[in-house]
Amino acid sequence: CDFRGCNQDPDEAFAVGCAWPWRFGYEFVGCSLDPDATEAEKDWIYDLEEDTVFYAIWKRNVIVTLDATGGSYEVWIEGYWDQETDEWVEGYNDYLDYDYFSVKENSIIPVRRIDCYAHREGYEFDGWTDAEGNYVNLVEVGTEDITLYASWVKTYNVTFDFNGGMDNNGNTEPVIWNYNEGDFIETIYFDEPYREGFVFFGWA
């Protein structure tokens with residue numbers, strides 16, 4: 001194919017399939033003698049009589065962009081379901097260093113297969129949404145590029161200060177718990193703290 005050159009003994013048949021190129025956002029479907037072809041040659045073995053150029057034929061994939069919406073992440077795409085072949089396609093074998101990846105048209109991406117280490121100061125990652133803000137579990141990819149948006153929930157640090165006392169383990173240092181916005185704080189989970197010469201009445 002024309003992405004690289006090679007030398008071939010003219011007395012031997014040339015197997016086009018021995019060369020398998022890669023191009024981001026595209027699927028390699030084969031080679032052709034015609035640079036304008038949209039389908040690959042069916043015969044992968046050629047008897048060469050002269051210098052020959054085989055042109056790589058590409059089929060465009062769908063680009064899926066991951067928008068961190070103010071945060072950052074490392075993501076590993078485990079794979080997706082190809083509806084055309086009804087087969088599972090393995091994804092990338094390492095964390096992506098960019099914010100997009102490609103899949104074949106008319107595929108299904110289980111969002112749980114997007115292994116993500118997301119971070120945003122003061123927030124907790126809450127999943128991926130579509131452009132309308134709807135949470136997605138399965139992404140049905142058609143023929144158009146799509147974007148998934150990270151959803152975040154505001155988090156707060158709540159400090160319980162024993163105010164001169166201690167907990168039942170003798171700890172006198174304040175205890176910090178993390179809560180998401182909208183959470184109900186139940187102080188009942190604390191054993192009653194102790195302070196010599198005082199009676200504990202509650203938290204304020």
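This passage walks through the fold, core, salt bridges and backbone of a predicted model.

The chain is built on strands: 15 of them are present, alongside zero helices. Of its 204 residues, 28% are buried. Sequence-distant pairings are well represented, since among contacts between residues at least 6 apart in sequence, 61% join residues at least 24 apart. The chain exposes about 14000 Å², and carbon and sulfur atoms supply 45% of that area.

Confidence varies along the chain. The average pLDDT is 77, and 75% of the residues score at least 70. Among the elements, strand β14 has the highest mean pLDDT, at 90, whereas strand β1 (residues 14–15) has the lowest, at 52. Residues 1–8 stay under 50 in pLDDT, and for this stretch the model has 19 contacts beyond four places in sequence.

Turning to the interior, the largest nonpolar core comprises 17 residues. Those with the most contacts inside this core are V103, I109, W128, V139 and L148. Strands β5 (62–67), β9 (100–103) and β14 (146–160) are the elements that each give two or more residues to the core. In soluble globular proteins, nonpolar side chains tend to be buried together.

Two salt bridges were counted. In one of them, E27 pairs with K104, with the closest N and O atoms 3.8 Å apart. E27 belongs to strand β2 (residues 26–32) and K104 to the loop between β9 and β10 (107–110), so this bridge ties together parts that are 77 residues apart in sequence. K104 is buried, because its relative accessible area of 14% falls under the 20% limit. E27, at 24% relative accessibility, counts as partly exposed.

The other bridge joins R60 to D145, and here the closest N and O atoms are 2.8 Å apart. This pair, too, links distant parts of the chain: R60 sits in strand β4 (residues 55–60) and D145 in the loop between β13 (138–140) and β14, 85 residues apart. Both partners are partly exposed, R60 with a relative accessible area of 36% and D145 with 41% relative accessibility.

Finally, two backbone positions invite a look. Most residues other than glycine have a negative phi. T69, however, has a positive phi near 45 degrees; T69 lies in the loop between β5 and β6 (72–77) and is partly exposed at 30% relative accessibility. N163 likewise has a positive phi, of about 50 degrees, without being a glycine. N163 is found in the loop between β14 and β15 (175–180), and its relative accessible area of 58% makes N163 exposed.

Technical notes
Residues are numbered from 1 along each chain as its sequence is written. This is a predicted model: local features need pLDDT of at least 70, side-chain atom pairs count only at pLDDT 80 or more; totals for chains, interfaces and linings use all residues. Side-chain values use heavy atoms; hydrogens and water are left out. A nonpolar core is a set of buried Ala, Val, Leu, Ile, Met, Phe, Trp, Tyr and Cys residues joined through side-chain atoms within 4.5 Å. Buried means under 20% relative accessible area, exposed over 50%, partly exposed in between (1.4 Å probe, protein chains only). Helices (H or I, at least four residues) and strands (E, at least two) are DSSP runs, numbered from the N terminus. Contact means heavy atoms within 4.5 Å. Accessible areas come from the Shrake-Rupley method with a 1.4 Å probe; for residues, only the protein chains shown count as cover. pLDDT is the predictor's confidence in each residue, from 0 to 100. A salt bridge is a side-chain nitrogen of Lys or Arg within 4 Å of a carboxyl oxygen of Asp or Glu.
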